[in-house]
Amino acid sequence: MLKGRAHKFGDGISTDHIIPGRYAHLRSDLPELAKHVLEDADVNFAKKVKHGDFVVGGSNFGLGSSREHAPLVIKMAGVSTVLAKSVARIFFRNAINLGLPVLICDTDRIDDGDELEVDLAAGTVKDLTTGEKLTFGKIPGVMLKILNEGGLIPYIQKHGDIKV
Amino acid sequence: MGKTLAEKILSEKSGADARAGDIVIAKVDLAFVQDTTGPLTVRTFQSSGMSLANPERTVLFIDHAAPSPSANLSNDHILLRDFSRESGCILSEVGDGVCHQIVAEAYARPGDVIVGADSHTVTAGGLGAFATGMGSSDVTVAFGLGKNWFRVPETFKIEVDGNFLKGVYPKDLILHLIGKIGADGATYKSLEFHGDTIKKMSMSGRFTVANMAVEAGAKVGLFAADETTKKYLEAEGRGKDYQPLEADADAAYEKTIKINADKLEPTVSRPHTVDNTALARELKGTKLQQVVIGTCTNGRLEDLAVAASIIKGKRPAEGLRLIIAPASRRVLLEAIEKGYIKDFVEAGAMILPPGCGPCLGLHQGTLGDGENCLSTANRNFEGRMGNPKSFIYLGSPATAAASALTGEITDPREVT
């Protein structure tokens, strides 16, 4: 069971919002890079976020670049899970590959600052602030296997190959 | 039931009867990274304990920060050079050009599966390659195993018929399509381009259209490999890489979108999303401080030819910075031979070395607060060109060149 606070963002949060290209020179200094997580969407996010919190986006979360640094800095900020109405393809794969769950649910019903409880196994999100209960879509089988191993590289190291 | 291009290619490369929705393991024919995604990929790869499956089909491109504007990025470049030397993979150096242009010129073949740690890897779909962007972990797996898993995408058939009017180009077509279906209108899908307009389209135009498939969320943007493809590969000295490729007539499409090319007009994406489109003429009066012509979307010879024909013998508007960024060394050389570079320089433009230029906000034309830029690139997200307080419009090389002359967004038909 995951428990934490929701940080709500709007629709169309791009990888440039998550980690702007102007910080490309910090990509080999991840702790420094991570200080700028989601800076162009909420300049105070890196200061506010606490270990175990949730990033809650709208539609097409993570659109744009293939930079795996985007889910990586979100994970490094201590975020346990990303929730969104829909997610861009490359970001989705990248997040799962790093062991960061992305759950698709009706995030319009979650407000900024709400306390959430996520049950990955049961597929439910409970908004402890409002009492609302949401269900999220199933993560496709192959991605679930990767997620359960903690990411793609740990999966490959354990199995020596990729199977579907 | 017949197959779409995506189903055909993934069937061939997986050895399975690949149908939309299936998950397959497919052989990867080319895997590459660039200098902003490469260092993470190389470190991930080194820590994984794998070795390269196909060093001669593994390429590291230095194009995003080229030449490097900072010590940190120079050190990233050293990491890539060292890895190339130690592993035997191919290095494309500073000044060679943008990865997608060089993949098109030198590597991509019809029917290939290509993965690149860059979202605009889709560009090679213009040649009939199933080319898609992935992150560092997925590319690490392609590096080490020579394969990866793919979900076979459903396909939207984009049927374009008719002739472009004067001043209208493939860029206007793809901006129009993205405006119509939205930035997530084709998420996870294959966009497959059909129709007589597409059959007549040059390879350069096909690359422009395929390049922006990802801006509608698509996994690939695919074109049949035909006589035009064959001639392009022959001209590149790669005639042997050609194989004809087309979708089956009875393939199953999730939907068909018909576009009448005769009805298209010069189109522009407004800040801060690519699907926020308008006609160039509707934006008349929007003042510009910078115009960029180049990038993997529109930095090819044909693009520079169109721009030079508009700019030659004229001057950009007072106070407007005109930046030209050829997509590759080959393009630059040919543009020199054709006299386009002279035309640009005489008109007062700046010529950047082949590479990504100012597109992603690293260097070579970062915008100031409140400034407006019209660029021929593919993305206009908030902060994309290095400053979240600036505004980016996207258009064709013709619209960009015309707008450079007037200093405001201009329909190219007004100045030619």
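This report describes the domains, contacts and nonpolar core of the structure shown above.

The structure is a predicted model, in which local features need pLDDT of at least 70, side-chain atom pairs count only at pLDDT 80 or more, and totals for chains, interfaces and linings use all residues. Residues are numbered from 1 along each chain as its sequence is written, and chains are lettered from A in the order in which they are written.

**Domains of chain B**

Chain B is divided into domain 1 (5-260) and domain 2 (267-414); such bounds come from an automatic or database domain assignment. The centres of domain 1 and domain 2 of chain B, taken over C-alpha atoms, are separated by 24 Å. Where the two domains meet, domain 1 of chain B contributes 34 residues and domain 2 of chain B contributes 36 residues. Here, two residues are in contact if their C-beta atoms, placed from the backbone, lie within 7 Å. On the side of domain 1 of chain B that touches domain 2 of chain B, helices H4 (99-107), H6 (170-181) and H8 (203-211) of chain B each supply at least two residues. Helices (H or I, at least four residues) and strands (E, at least two) are DSSP runs, numbered from the N terminus. The largest share of this side, 6 residues, comes from H6(B).

**Contact between the chains**

Chain B gives 47 residues and chain A gives 38 residues to the contact between them. On the side of chain B that touches chain A, H5(B) gives the most, with 6 residues. The table lists the classes of residue on two contact sides. Ala, Val, Leu, Ile, Met, Phe, Trp, Tyr, Cys and Pro count as nonpolar, Asp, Glu, Lys and Arg as charged, and the others, Gly among them, as polar.

| Side | Nonpolar | Polar | Charged |
|---|---|---|---|
| Domain 1 of chain B that touches domain 2 of chain B | 12 residues | 15 residues | 7 residues |
| Chain B that touches chain A | 17 residues | 22 residues | 8 residues |

**Buried parts**

A residue is buried if 20 or more other C-beta atoms lie within 10 Å of its own. Because 9 of the 9 residues of H8(B) are buried, H8(B) is largely enclosed by the rest of the structure; among them are B:Arg206 and B:Phe207.

The largest nonpolar core (buried Ala, Val, Leu, Ile, Met, Phe, Trp, Tyr and Cys residues joined through C-beta atoms within 7 Å) has 187 residues. Those with the most contacts inside this core include A:Ile74 and B:Val291. Helix H11 (residues 301-311) of chain B gives the most to this core, with 7 residues.

Notes:
Buried ≥ 20, exposed ≤ 12 C-beta atoms within 10 Å, placed from the backbone.
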